[in-house]
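This report walks through one protein model, from its pockets to its overall form and a few single residues. Keep the structure open while reading.

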Amino acid sequence: MIEQVAIAFDNKDYQTAAKLLKQLQKESPEHPWVQFYLGRLHEVSGKYQDAEKIYRQLLRDTTNTKILTLAREGLRRLQEIEQEERQRAIAKATSEPSKTELGVLILEPLNNELKAEASRKFAQIMQTDPYSARLMLPSRGWRLYRTGQVGELKFYGEQLQQAGIPCFWTTITTIQEIQVFQVKYFSESQLKATVVCSNQANQLGSLTFDWSEVTARVVGLLPIFEQVVDIDAHGKLERKTQTQDYAQFCDLHLPARRSILRLYDNGYEFQQGLEIIPQVSQNTIRINWNSLSNWIDQQLPQVKTWSDFTPFADTALDQTEMLGQIESHIHLFRREQTNWDSAFHLYSGLVFVK
């Protein structure tokens with residue numbers, strides 16, 4: 001009867017093949033040829049996952065070289081079908097101009113006990129091996145996984161979400177549309193708070209807001225680089241760029257106004273406005289900044305503070321082309337261009353749009 005099944009497949013008479021296989025499954029359900037043709041029937045019926053499962057099982061359990069060869073060919077056909085479907089789906093996902101905008105795909109942290117299953121699914125979706133997939137999935141903080149056309153990122157992101165892998169995506173334009181105000185100092189803070197600040201055109205003014213408008217607080221350290229002279233292994237003088245200090249930043253998010261209030265330690269005028277810090281003139285900038293941070297904590301007891309910028313930056317700093325398109329709205333004195341400033345604005349912007 002197996003010969004009759006083979007003839008039916010050769011003639012593309014799948015209805016006859018299905019009837020014969022139904023009978024053979026009752027008589028010899030574990031027979032390798034019965035299993036192989038059952039896999040072929042699944043394949044021609046469009047049940048690709050069922051077909052793949054049978055082909056892979058045959059590769060594990062069968063010693064018949066003819067069946068092994070046919071099972072490998074079946075898997076190769078399935079891979080080609082999957083690749084063609086993927087390309088069609090991506091082409092559709094990027095068919096409109098708005099879907100071709102530059103974007104980022106962010107992976108969110110996952111519990112370690114879920115990683116084994118998640119890495120297998122991730123590897124299948126992103127067409128990589130499970131070991132590499134496991135290394136990609138973060139346990140703490142966000143990972144910038146991929147940049148590209150936002151339509152394609154959405155295509156992958158939706159598959160990852162359906163597989164239980166937390167992620168999100170957005171366009172660089174969305175990040176850039178957020179207004180950023182550079183805070184000079186707080187002038188009032190009773191029922192409402194008022195800050196003296198400059199806008200993106202560097203115009204000085206004031207902004208009054210209710211503390212309840214603040215939905216998130218983002219803090220981070222940005223390295224300050226300096227040229228230093230060092231002695232190399234051969235005893236010769238050489239110039240190096242080293243991190244000499246860090247600037248401390250704090251963003252307060254006002255999403256109803258599509259705005260961020262940005263404070264940093266060397267840009268805040270501690271001796272102006274509201275008296276938040278006693279003996280401000282005798283304190284170091286670090287002490288003053290810590291006191292200001294504690295005071296902001298007291299105003300925002302229920303608001304989440306996002307502080308995982310540094311590990312996020314480690315995953316983003318090499319994306320020079322993408323970061324080069326982001327205006328950082330950070331005004332530190334830099335002798336050389338650095339991606340750190342744009343990376344912080346990206347991180348804060350991602351918290352904002354998330």
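## Pockets, overall form and three loop residues

The lining of the second largest pocket is made up of eight nonpolar, five polar and seven charged residues. This pocket belongs to a predicted model. Its space comes to about 360 Å³. The lining of the second largest pocket counts 20 residues, and Ile224, Phe225, Glu226, Phe333 and Arg334 are the closest to the centre. Three elements give two or more residues each to this lining: strand S7 (216-231), strand S8 (237-254) and helix H10 (285-299).

Now the largest pocket. It holds about 860 Å³ of space. Its lining has 22 residues, and those closest to the centre are Gln49, Glu52, Glu82, Arg86 and Gln124. Four helices supply at least two lining residues each: H4 (48-61), H5 (65-93), H6 (115-126) and H8 (150-162). Which helix gives the most to the lining of the largest pocket? That is H5, with eight residues. By residue class, the lining of the largest pocket splits into nine nonpolar, six polar and seven charged.

The table sets out both pockets.

| Pocket | Volume | Lining residues | Nonpolar / polar / charged |
|---|---|---|---|
| Largest pocket | about 860 Å³ | 22 residues | nine / six / seven residues |
| Second largest pocket | about 360 Å³ | 20 residues | eight / five / seven residues |

Next, the protein as a whole. It has 13 helices and ten strands. The radius of gyration is 29 Å, whereas a compact globule of 354 residues would be near 20 Å. The C-alpha trace spans about 95 × 60 × 40 Å along the principal axes. Of the 354 residues, 44% count as buried. The accessible surface is about 19,800 Å², and carbon and sulfur atoms account for 46% of that surface. Take the contacts between residues at least 6 apart in sequence: 60% of them join residues at least 24 apart.

Three loop residues deserve a look. Start with Ser328. It sits in the loop between helix H12 (320-323) and helix H13 (340-353). Is Ser328 buried or exposed? Its relative accessible area is 12%, so Ser328 counts as buried, since the cut-off for buried is under 20%. Leaving aside residues up to four places away in sequence, Ser328 touches Arg262, Asp341, Ser342 and His345. Leu300 lies 28 residues from Ser328 along the chain, and their C-alpha atoms are separated by 25 Å.

The next two residues concern backbone angles. Most residues other than glycine have a negative phi. Asn202 is not a glycine, yet its phi is positive, at about 65 degrees. Asn202 lies in the loop between strand S5 (193-198) and strand S6 (204-209). Asn202 is exposed because its relative accessibility is 62%, and the exposed class begins over 50%.

Gln279 also has a positive phi, about 55 degrees, although it is not a glycine. Where is Gln279 found? Gln279 is in the loop between strand S9 (259-264) and H10. With a relative accessible area of 57%, Gln279 is exposed.

H10 thus comes up twice: Gln279 is in the loop between S9 and H10, and H10 gives two or more residues to the lining of the second largest pocket.

Notes. Residues numbered from 1 in each chain as written. Predicted model: local features only at pLDDT ≥ 70, side-chain atom pairs only at ≥ 80, totals over all residues. Heavy atoms only, no water. 1 Å grid on protein atoms, 1.4 Å probe; cavity = no way out; pocket = protein on both sides within 12 Å on 5 of 7 lines; lining within 4 Å. Points joined across faces, edges and corners; volume = space filled by probe spheres on them. Nonpolar A, V, L, I, M, F, W, Y, C, P; charged D, E, K, R; others polar. Rg over C-alpha atoms; globule rule 2.2 N^0.38 Å. Buried < 20%, exposed > 50% of the residue type's maximum accessible area, 1.4 Å probe, protein only. Contact = heavy atoms within 4.5 Å. Areas by Shrake-Rupley, 256 points an atom, 1.4 Å probe, with all protein chains shown as cover.
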